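Morning, everyone. I have two short stops for you today, a sheet and a pair of helices. Let's put the structure up.

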Amino acid sequence: MKGKQCIALLLAVLMLGALAACGGDGSSSGTGSSPAQSTGNTSGIGSAQQEGGEDSAPAYVNQTGLPIVNEPTTVTMLVQKSILDLGSSWQEKECVKRAQEETGLTLEFTEISQAAWAEQMGVTLASGELPDVIVGTFPNFGKYLDSFTPLNSLIDTYAPALTAFYEERPELKVACVMEDGNIYSMPLLQDQGQYAYAHRYVINKTWLDNVKMDIPTTQDQLFDVMMAFKEQDANGNGDPNDELPFSMEANTAVALDNDSYGINFLMNSCGVHSANYVQVDDDVVSFSPTREEYRDFINFAHKLYSNGLIDVDGFVQQTSDFFAKGAAGRIGIYGHHSYADIVCGADKVDQYVPILPMQDKNGNIVTVGRAVSGDWNYDCYKISNSCQHPEAAVRLYDYVIGDPEVNNLWSYGTEGGSYTINEDGEKVRKIEFEDEGMNSFAQARHTFGAGMNGFWIVPQETYDSWYKDKRELLMSEFEEMYKPYLCTPMPLGIDKQEVVERRNDQFAEINTYIQNFTVEAIMNGLDDAGWEKHLQSCERLNVAQYVEDYQNFYNDKKIA
C-alpha cells in the first residue's frame, strides 16, 4: 500500500516538475544540465564581423597595457546584486575602485536584485535601451543576438588573456559560438578540479566495520553489504530497524538523472551514465532509457527495493527530510554532488569514505564527469550593439582575467575581508566575522568582491594557493579514485534556437514519462511485456529526434 501512495505522490511532484521543465530557458549558465544547454554550429568561428588590428585601433584606446583609455570614457554596466551581497553598492567594491584607477575607465552600474533579475531583464531587453555591458546570464540569450556586438575580432585584437586561455581550452571557445558562427559573449569560469565528477558516492565505513565486511565492488557484494546493514544494527544504537542501507531524495526533474542526491549510484553501477537521458559511447549518442543497461538498472534496483534495501520514501521525500535522516545517522550509502557532510553533518562525515560505482555486467566501472569541472557561464559578459566603446569594454574584461591578483579581487574579494593568509602563504577562507550580519565565506566573497555575479576566469591551478581543509582533501580523494573511470560527457554549448525550443518541449514529456515508468518498474518489477511496452512509449515520444539533435550537437561541439 505504501508503494502505491509513493507513486501517487510522485505523480503530483512530477506534474510540477513538468510544468517547470516547460519553462526551460535555453540558457547554458552554470554546470547544471538543462536540456537547452547543448549544441551549436561552429561554422564561421573566428570570422571577423568588425575590422580589428593594431593599425585600425581607435585613438581613445590603448591596445595593450594600462591605462586602457587615453581620454575620459564611461562604460555603463547592468549587474545582478546577489542575495549574499551585504554591501551598499558595486561602486564601493574594492575591485571596482582599483579597476577605475588602473584602467582610466569610469564604470557606472545599474544593479538588479537577484530575485528580480529574470523579470527585469525581460523588461530591459524588450525596451531596446541597453547599457554598454550586461553581466549575468538571462533566459533565451539566443533570441536577442541582434541586440549585441559580435566579439570575434575584438577578442583577437583586444583580449590577449582570453585568446591565450582559448588556445589552452579550445572546447570552451567552441562552446561560446552561436548559430551564425559568431561569439557574442565572454565567459565566467570557476574550474575547480574536484568538481569534475557530477556524481559522488560514499559508504559508511563504521557500519562496514560493525558488520565485519569490506567495501563492495560488485552488485552481488553490494547486495550482501546492504542486507547486513539492514539486519545487523549496523549503526550500533540498539535498534535493528532504523538503518536505511540506501537513501535519496526526489529532487523533482533530476531525481533519476544528472547531479543530484538521487538514485544515480545504482544507474552508474549498471553502466548507465546519462545526462538528460542521453549518453555518449564511442562518439555515438543514445537514449539511455531504451538501452539494455537501463533495464539492468531497473532489475537490480527492484531487487534491492523488494528486499527493503532502498528507502521507500526516497522517490518523494524532500531534501530536508533526506538530510535529517543523514544527520540522524540512519543512511549507509548515498550519492551527492558537492560535499558529503551536507547530508550527514560535520559530526558524522568521518564515518564515510568514497566508494566507486559497482562493476557492471561486463566488469566495467563508470563514473560520470562534467564537461567543465566547476562553474561555467558562457554568456556572462555581453556588449550591446549600442555601446560606443566596445574596444574598451573588451579590454576591461581581459584586464580582470589577465592579472591573477585582480582576478582574485573580483572573484574572491579582499584579504582580511573574505580570507586570510596562513603561515604557509595559503589563502584561508574566513568563517568567523565581526561584521554584523555576516556569517559565511559566501557572504564575504559576494560582499567584498563580485563573487559569482562578476566576470572572471579562475583556472584549476589557482586553487593550489588555497588551504585545503578536510572537506577539500576528501574531494581530492574522489578525484584520484574516479578519474580513471570517467566516461565521455556531452560538450558545452548552445544550440540553434529552434532546436532549443524543440528540445525543451520534448524533455518536459520525456522527463515526466521516464520518471513515472522508472519508479513504478523499480517498485513493481518489469517483465518482457512491460519492457516492450516501454520501448513503444519511447518511440511515440519521438526520442529518435531527441537523440538526433544531441548527436548533431556532439558532432559540432566536440574537440578531437
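Which residue in β9 does Phe246 stand opposite? It is Ile333. Keep in mind that this is a predicted model.

Now the strands around that pair. Phe246 closes β6, which covers 244-246. Its partner strand β9 takes in residues 331-336. The two strands run parallel, and 2 bridges join them.

Step back to the whole sheet. It is open and has 4 strands. Read across, the order is β6-β9-β5-β10. The pairing is mixed. Where are the edges? They are β6 and β10, the latter at 352-354. Each edge strand pairs on one side only. Neighbouring strands here are turned by 30° against each other on average, direction ignored.

Second stop: the helices. Two packed helices are described by the angle between their axes and the distance between the axes. Here we look at α17, residues 497-524, and α19, residues 543-557. Their angle is about 135°, and the axes lie 10 Å apart. What do we call that arrangement? Angles over 145 degrees count as roughly antiparallel and 65 to 115 as roughly perpendicular. This pair fits neither, so α17 and α19 are oblique to each other. The crossing of α17 past α19 is left-handed.

Who makes the contact? From α17 come Val499, Arg502, Arg503, Gln506, Phe507 and Ile510. From α19 come Val543, Gln545, Tyr546, Asp549 and Tyr550. Sort the residues by class, and this contact has 6 nonpolar, 2 polar and 3 charged.

That's my tour. Over to you.

Definitions and conventions:
Residues numbered from 1 in each chain as written. Predicted model: local features only at pLDDT ≥ 70, side-chain atom pairs only at ≥ 80, totals over all residues. Heavy atoms only, no water. Pairing = 2+ DSSP bridges. Axes fitted to C-alpha atoms, helices over the stretch in contact; angles between N-to-C directions. Parallel < 35°, antiparallel > 145°, perpendicular 65-115°, else oblique. Left-handed = near helix turned anticlockwise from the far one by under 90°. Contact = heavy atoms within 4.5 Å. Nonpolar A, V, L, I, M, F, W, Y, C, P; charged D, E, K, R; others polar.
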